[in-house]
Amino acid sequence: MSEYRSKYCVKKCKQYKYEQEYIKQDNPPGLSMLGAYPKLKRIFNIPFKDRMNIYPFNKYDSIYVVNPVYVRNVNEPRNYIEEKYHNTKRLISKIEKDRLSDILFNYYYLNSFGAITSFHEEIGCDCIQFEYPKIILLFKRNGKFEKYIAFPDNGLNRYNFSNQEWSNFDWSMEKENMILKIFKKDILPDENCKMEVYTPPPSPNKI
């Protein structure tokens, strides 16, 4: 992705390169940057065709958007590839793929210096819908779902990408909100927390 960003940078390019050097060196920003606040900007203009050559779009045949089934009394880590978490599921369109990849690769979090945005928040309401993502993106290859991004999800079980793969997205709350707007028609209404909750049957191996 870095070569595409260098080729198609259209604004704030000097600052982008400056920050990338600090990130590579794993050093804190210089004193001149103190007081600078992170800001999401569209500073690249990578065309759609080239964006499709960047991971994960170059590795997966298709991407699906899912809204979740709310499962109660499940304590083990969630794997959102499992069908039990899928309510409705659909293939995203080319237009949606264009908008999604544009946000992921053409927008950059200036002044973040590679810092990871924290998503964990305390839940102030006993409502299971706040404990689950609004949508899940599933990445499919050779007929099998292999990767997912679930958001927002109280900072837990967000994705199964490696740290290196995830770092390519420059993820931030601002990007997340923009992506949620793309798929707003797929987000289930909260219905005042009255939606039916699925409780899995006990394991037959449990004594």
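Start by selecting residues 115-124, where pLDDT (the predictor's confidence in each residue, from 0 to 100) stays under 50. The model has 18 contacts (heavy atoms within 4.5 Å) for this stretch beyond four places in sequence. Now colour the whole protein chain by pLDDT: the average is 82, and 75% of the residues score at least 70.

A word on what you are viewing: this is a predicted model, in which local features need pLDDT of at least 70 and side-chain atom pairs count only at pLDDT 80 or more, while totals for chains, interfaces and linings use all residues. Residues are numbered from 1 along each chain as its sequence is written, and side-chain values use heavy atoms, with hydrogens and water left out.

Next, select helix α2, residues 13-25. Helices (H or I, at least four residues) and strands (E, at least two) are DSSP runs, numbered from the N terminus. Show the side chains of Gln15, Tyr16, Glu19 and Tyr22, which are buried (under 20% relative accessible area with a 1.4 Å probe, protein chains only; exposed is over 50%, partly exposed in between). They lie on the same side of α2, because they cover an arc (of the directions from the helix axis to the C-beta atoms) of only 125° around the axis. Add α1 (2-7) and β4 (107-110) to see what the buried residues of α2 pack against. Turn to the opposite face of α2 for exposed Lys14, Lys17 and Lys24.

Finally, display the open, antiparallel sheet of four strands, ordered β3-β2-β5-β6. Its edge strands are β3 (86-91) and β6 (144-151). Zoom in on β2 (62-68) and β5 (135-141), joined by five bridges (strands pair if DSSP finds at least two bridges between them). Here valine 66 has isoleucine 136 of β5 as its bridge partner.

How values were computed: Expected span 1.5 Å × (residues − 1).
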